[in-house]
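The following exercises concern salt bridges and disulfides. Please study the sequence and the structure before reading each solution.

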Amino acid sequence: MRGSAYAFLSRCLPILALVGMLGITATAAGAKQPILWESCHAGEAAGNCKIPRGIATDPKNGHLFIADQKNLRVNEFTAWGEFEKSWGWGVADGSNELQTCESLSGCRVGIAGDGRGQFNFAGAQGVATDSGGGIYVADVTNHRVQKFNRDGDFIWMIGRNVNKTKVEAVAPQADRNLCPVDPGDVCQAGSEGTGKSEFSSWTFGSFIAVGPEDALFVADKGRIQQFAVTGVFETEIDLPKDEEVGALAADPVSGDLYFSYTNLSLLVLTEANHDVFRLDVDSKAVVSTVEVAIPQALATGPDGSLFVFDEGSTVDLNANHRSRILKFSPAGVFEEEVVANASQADQDEFEFTTGLATGSVCFQGSYDLYLSNSTENSFVKAYGPPPNNLTGKGEVCAPPEEGPTIISQYASAVGSDNATLGASINPHFWADTRYFVEYGTAKCSEGGCTTTVPAAPGQLLGAGIVNKPVTTAGIDLTGLSPGTTYYFRFVAASGGGGPTVGDEGSFITYNAPVASACPSNQGFRIGASASLADCRAYEMVSPIDKEGGDIVGGGGEETGSGLPLSQSSLSGYSFTYSSYRAFGDPSSSPWASQYMARRDSQRGWLNEPISPPQEGAPLSTEIGAVLLPRSLGGVERDDHRTGSGARRSSRLLQPVSA
């Protein structure tokens with residue numbers, strides 16, 4: 001929905017000069033911050049998103065509220081990324097009414113419309129929350145702002161003529177622009193307007209915020225309006241430019257507002273469109289400017305820090321300009337590039353967003369940063385440490401009560417009397433996750449796994465507070481019987497739940513080794529040599545480094561003619577072979593170079609070129625039908641490469657007697 005709206009040349013050409021003025025230095029490679037979790041992936045079911053937009057966090061329990069644009073609903077997640085519920089019209093069973101849905105009931109796409117609590121197509125955009133549990137959502141295509149409570153119940157809406165009852169009664173405009181005023185009022189979609197509690201054209205963005213005193217701020221074109229928690233208009237702040245505001249955030253410390261003009265649609269590129277402005281609410285004046293290339297989303301931390309999503313340029317005019325999140329101090333001084341893509345072409349972290357938020361209620365001395373990827377490749381990421389305020393007022397911030405998941409289990413090594421077992425376990429944020437193995441010679445499902453290693457409660461997984469698959473340390477089983485089938489399964493538990501029992505696996509120990517009948521030659525009888533008769537073993541005849549040569553002749557394997565030129569003496573201690581490319585300082589380099597290998601009792605196999613020196617005019621390259629006896633040796637191919645013309649080479653192996 002964004003690509004066609006860009007004025008390609010008019011947008012990108014000024015960026016070259018602009019980025020040079022910013023004074024912000026980015027690292028050469030994309031910065032990487034720890035990702036606590038990733039959730040709300042693309043889809044329509046419970047816990048999924050389709051183009052997530054604005055994000056806001058609940059100051060009481062740390063929950064996130066996400067505007068789910070194409071699913072026509074609001075999604076709620078915990079600070080651990082666990083889905084709680086969604087609300088919107090028909091999201092539970094398709095009924096034409098405001099509903100909530102959870103994982104157990106399942107969720108569906110909402111029904112578009114203009115009723116109470118309903119969103120129209122592409123309607124839900126910005127989200128903000130207050131200290132009393134109010135959730136405010138900018139309903140763009142219905143030209144209104146709606147308020148909900150934590151349960152997803154509709155409270156009120158504001159916008160031009162949203163109160164159908166009061167419009168028909170020709171009531172004062174203030175009553176027409178708030179619904180409900182009286183309990184029986186019928187609400188409807190609003191329309192564009194420039195008066196009090198009215199909103200002019202909106203584009204895609206997050207232009208709604210709540211200040212430290214629970215004042216609601218809503219921006220549109222050239223202004224920011226302030227409302228009480230009841231929806232009553234309080235004041236209006238005119239902005240320096242009569243342009244649409246694309247992003248808005250409130251400083252929880254000073255009460256100042258940060259805003260940036262839209263960068264989403266056709267626009268005249270000026271320096272102002274690439275700045276973030278700090279606005280003093282009391283004086284209604286811009287007091288400072290933060291220079292950013294293409295600001296698309298804003299958020300503030302509990303300490304007054306400013307976070308800006310700076311979108312990468314659409315043309316590689318500046319190698320450092322890739323999409324990134326920048327952090328500024330409360331004074332507006334650049335501090336760090338929090339996270340960034342590797343490059344604008346390699347969007348390995350995110351693609352685009354209009355939703356940034358921070359959450360601190362579940363933390364002691366820190367907070368997390370949340371980002372919504374506002375494209376069809378939908379997801380929400382949490383950057384930062386895991387919540388650590390798990391008691392007192394943050395008791396609701398404890399990890400989800402979910403036991404570990406045993407994803408896979410396997411035998412990584414098996415001998416005749418021992419084995420090593422491993423597994424992949426997701427602890428789901430519980431650092432106290434432990435595991436052990438049950439095994440035996442009969443199926444575990446039939447009670448045959450009677451031995452436990454290590455003893456319960458088992459070994460600590462030791463992964464810390466993470467929500468991803470973790471590979472266990474190997475568990476060694478000893479004293480096993482040779483040539484026997486063993487069955488096993490992993491068992492894991494944590495403070496979040498369990499025990500969780502893995503699927504049953506099995507392995508077979510090798511037979512006990514048999515004493516060697518070839519003691520003098522046993523060191524060579526490994527791999528392919530082990531099956532040779534008469535105690536013979538393979539030795540390397542040709543040198544490993546053949547400068548890219550390959551042991552074939554007359555086209556040989558390369559042409560499919562099948563004419564090997566390798567011969568062995570009857571004793572097996574002399575050997576000739578060919579290479580399609582000469583190596584080792586030969587006197588000539590014919591179509592196929594010949595070599596002699598001789599076995600020295602002290603130095604092993606020695607190789608020398610034996611092709612005659614080149615004399616006279618070159619011979620014809622035609623090859624006649626020559627039949628030569630096949631060698632006693634075999635050819636073992638490898639991927640050895642050497643020299644500038646390196647290619648696959650071959651090694652010649654000769655079976656020798658003990």
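**Exercise 1.** Does Cys-40 count as buried or exposed, and at what relative accessibility?

*Solution.* The model is a predicted one, in which local features need pLDDT of at least 70 and side-chain atom pairs count only at pLDDT 80 or more, while totals for chains, interfaces and linings use all residues. Residues are numbered from 1 along each chain as its sequence is written, and side-chain values use heavy atoms, with hydrogens and water left out.

Step 1. Buried means under 20% relative accessible area, exposed over 50%, and partly exposed in between (1.4 Å probe, protein chains only).

Step 2. Cys-40 has a relative accessibility of 1%, so Cys-40 counts as buried.

Step 3. Cys-49, at 0%, is likewise counted as buried.

**Exercise 2.** State how many disulfides the structure holds, and describe the links of Cys-40 and Cys-179.

*Solution.* Step 1. A disulfide is a pair of cysteine sulfur atoms within 2.5 Å; the structure holds five.

Step 2. One of them joins Cys-40 and Cys-49, with the sulfur atoms 1.6 Å apart. This link is right-handed, with 45° about the S-S bond.

Step 3. Another joins Cys-179 to Cys-187, at 2.0 Å from S to S. The torsion about that S-S bond is about -90°, so the disulfide is left-handed. Both Cys-179 and Cys-187 are buried.

**Exercise 3.** Which parts of the chain does the salt bridge of Asp-130 and Lys-147 tie together?

*Solution.* Step 1. A salt bridge is a side-chain nitrogen of Lys or Arg within 4 Å of a carboxyl oxygen of Asp or Glu. In the pair Asp-130 and Lys-147, the closest N and O atoms are 3.9 Å apart.

Step 2. Asp-130 lies in the loop between β7 (124-129) and β8 (135-139), and Lys-147 in strand β9 (residues 144-148), so the pair ties together parts 17 residues apart in sequence. Strands (E, at least two residues) and helices (H or I, at least four) are DSSP runs, numbered from the N terminus.

Step 3. Asp-130 is buried at 4% relative accessible area, and Lys-147 is buried at 11%.

**Exercise 4.** Determine how far apart in sequence Glu-608 and Arg-598 are.

*Solution.* Step 1. The side chains of Glu-608 and Arg-598 meet in a salt bridge of 2.6 Å, N to O.

Step 2. Glu-608 belongs to strand β41 (residues 604-609) and Arg-598 to strand β40 (residues 593-600), so the parts tied together are ten residues apart in sequence.

Step 3. Glu-608 is partly exposed at 38%, and Arg-598 is partly exposed at 40%.
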